[in-house]
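Work through the exercises below with the sequence and the 3D view side by side. Try each task before reading its solution.

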Amino acid sequence: MRLRYFFGAFYDYIRQGLEYEDERTFEYLKRRQISKPIAKSLGIGTVKSFKDFSTFMKKRGFDVYDYEKIGIHEKNINENKLIFIIKDEYDQPCSFACREMVYEETVSREILRKYLPHDTVSNSTKKGLQELAFKVKDITKEERIYITKASDIPKYVNGTETIVYKKKDLLYNYKLAKEAIEKYRLQYIYAVEGYTDVVSAIVQKNFNVVSYNSSTLSDGHIKLLKKTKAKKAVFVADNDAVGKTKILDLIERAKAQNLSFLKIGIFKNKNLKDLDDQSRANPNVKIEDLLEIYDIFEYQAKLLIEEQIEAKNLDL
């Protein structure tokens with residue numbers, strides 16, 4: 001199929017691009033402790049420019065303007081974006097995602113933590129960061145402008161779904177995770193939210209991690225998780241209100257569908273949002289040591305007890 005050949009060529013371009021000394025990209029990767037070999041093996045990189053990308057693809061027999069409907073245009077494919085080539089369960093390139101490198105939400109939070117309590121910043125939504133920036137009196141003009149721009153630019157943009165790419169039927173890093181579980185006889189496969197969560201885990205030699213990159217685990221995701229030789233799949237949500245909602249939704253589905261295969265993973269460190277943050281703050285630590293792992297119904301019972309304790313404290 002021609003679409004598969006297109007993404008195969010796109011993958012080749014990204015891998016080839018890592019041979020160029022693009023200072024900003026390598027600084028970004030270095031900050032996240034991602035080596036060039038890891039980036040190359042996963043198909044992570046950027047473009048010199050959209051024009052350069054277009055010229056490369058034309059030599060391979062593709063006019064990029066024929067693929068605008070699936071997200072291939074300059075707004076997504078440019079030198080300010082870190083690009084992730086997405087592969088299917090058979091390790092074949094089938095789509096892409098891009099992450100903003102210049103205006104980052106993480107940097108916005110770091111700026112605001114200089115002026116505000118840690119919890120206030122951590123519990124804020126991305127748009128809420130912009131509101132906080134205008135409430136802080138001592139913040140500089142440059143910092144406020146940065147946070148405003150970072151709030152308006154999407155953190156990630158995914159390629160449009162096609163006949164070869166359906167988000168609900170795909171897990172990022174699936175093939176490598178599946179092979180690692182078989183090779184090292186690992187008990188668990190971990191399902192996390194973002195691409196960089198997976199990459200940071202791989203940097204720390206935690207290979208049995210996949211990203212569902214969606215609002216929650218779909219039936220297609222669960223089917224893929226069951227196809228591995230892991231005994232259990234651990235759902236790891238971000239350490240925020242949205243993450244808690246995802247866990248509660250999954251508990252309801254587990255009750256309805258008898259998903260005893262699933263467990264819930266909760267970060268021990270409540271001050272760091274996701275696996276990306278947790279992994280970079282705890283180098284050479286196994287993922288299971290970062291988490292408290294619960295059976296679905298065990299975690300539900302834990303929540304009920306916490307709610308009862310909180311209600312009693314309010315009565316006092």
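**Exercise 1: the sheet of 4 strands**

An open sheet of 4 strands follows the order E1-E2-E3-E4, and its pairing is antiparallel. The model is a predicted one.

Task: state which strands are the edge strands, then describe how E2 is joined to E3.

Solution.
- Step 1. Strand E1 (44-45) and strand E4 (156-158) are the edge strands, since each is seen to pair on one side only.
- Step 2. E2 and E3 run antiparallel, and 7 bridges join them.
- Step 3. For one residue pair, take isoleucine 83: its bridge partner is cysteine 98 in E3.

**Exercise 2: helices on this sheet**

Task: find which strands H1 lies across and which strands helix H10 lies across, with the angle for each helix.

Solution.
- Step 1. H1 lies across E1, E2 and E3, and runs at about 45 degrees to E3.
- Step 2. Helix H10 (residues 195-203) lies across E1, E2, E3 and E4; the angle it makes with E2 is about 85 degrees.

**Exercise 3: the sheet of 5 strands**

Task: give the strand order of the open sheet of 5 strands, and locate the helix H12 that packs on it.

Solution.
- Step 1. The order is E6-E5-E7-E8-E9, and the pairing is mixed.
- Step 2. At the edges are strand E6 (209-211) and strand E9 (291-295), each pairing on one side only.
- Step 3. From one strand to the next, the twist averages 30 degrees.
- Step 4. Helix H12 (residues 241-257) packs on the sheet and touches strand E7 (232-236) and E8; the directions of H12 and E8 make about 165 degrees.
- Step 5. Strand E8 (residues 262-267) and E9 run antiparallel and are joined by 5 bridges.
- Step 6. In this pairing, isoleucine 266 stands opposite glutamate 292 in E9.

**Exercise 4: H1 against H4**

Two packed helices are described by the angle between their axes and the distance between the axes.

Task: describe the packing of H1 and H4, and explain why they count as oblique.

Solution.
- Step 1. Helix H1 (residues 2-17) and helix H4 (residues 50-59) pack at about 125 degrees, and their axes are 10 Å apart.
- Step 2. Angles of 65 to 115 degrees count as roughly perpendicular and those over 145 as roughly antiparallel. H1 and H4 are therefore oblique to each other.
- Step 3. The crossing of H1 past H4 is right-handed.
- Step 4. On the H1 side, Phe6, Ala9, Phe10, Asp12, Tyr13 and Gln16 meet Asp52, Phe53, Phe56 and Met57 of H4.
- Step 5. By class, the residues of this contact are 7 nonpolar, 1 polar and 2 charged.

**Exercise 5: H5 and its two partners**

Task: set out how H5 packs with H8, then how H5 packs with H7.

Solution.
- Step 1. Helix H5 (residues 105-112) packs with helix H8 (residues 141-152) at an angle of about 145 degrees, with 9 Å between their axes.
- Step 2. H5 passes H8 in a left-handed crossing.
- Step 3. Val107, Ser108, Ile111 and Leu112 of H5 meet Glu143, Tyr146, Ile147 and Ala150 of H8. The contact of H5 with H8 has 6 nonpolar, 1 polar and 1 charged residues.
- Step 4. With helix H7 (residues 126-135), the angle of H5 is about 35 degrees and the axes are 11 Å apart.
- Step 5. The crossing of H5 past H7 is left-handed.
- Step 6. Here Glu105, Ser108, Arg109 and Leu112 of H5 meet Lys126, Leu129, Leu132 and Ala133 of H7. This contact of H5 with H7 has 4 nonpolar, 1 polar and 3 charged residues.

**Exercise 6: a salt bridge**

Side chains of opposite charge can pair when their charged atoms come close.

Task: say which residue forms a salt bridge with glutamate 89, and where the two lie in the chain.

Solution.
- Step 1. The partner is lysine 227, and the closest N and O atoms are 2.8 Å apart.
- Step 2. Glutamate 89 sits in the loop between strand E2 (81-87) and strand E3 (93-100), while lysine 227 is in helix H11 (residues 219-227).
- Step 3. The two residues are 138 residues apart, and the pair links distant parts of the chain.
- Step 4. The count for the model comes to 23 salt bridges, taking a nitrogen-to-oxygen cut-off of within 4 Å.

Methods: Residues are numbered from 1 along each chain as its sequence is written. This is a predicted model: local features need pLDDT of at least 70, side-chain atom pairs count only at pLDDT 80 or more; totals for chains, interfaces and linings use all residues. Side-chain values use heavy atoms; hydrogens and water are left out. Two strands pair if DSSP finds at least two bridges between them. Axes are lines fitted to C-alpha atoms, for helices over the stretch in contact, and angles run from 0 to 180 degrees between N-to-C directions. Contact means heavy atoms within 4.5 Å. Angles under 35 degrees count as roughly parallel, over 145 as roughly antiparallel, 65 to 115 as roughly perpendicular and the rest as oblique. A crossing is left-handed if the near helix is turned anticlockwise from the far one by less than a right angle, and right-handed if clockwise. Ala, Val, Leu, Ile, Met, Phe, Trp, Tyr, Cys and Pro count as nonpolar, Asp, Glu, Lys and Arg as charged, and the others, Gly among them, as polar. A salt bridge is a side-chain nitrogen of Lys or Arg within 4 Å of a carboxyl oxygen of Asp or Glu.
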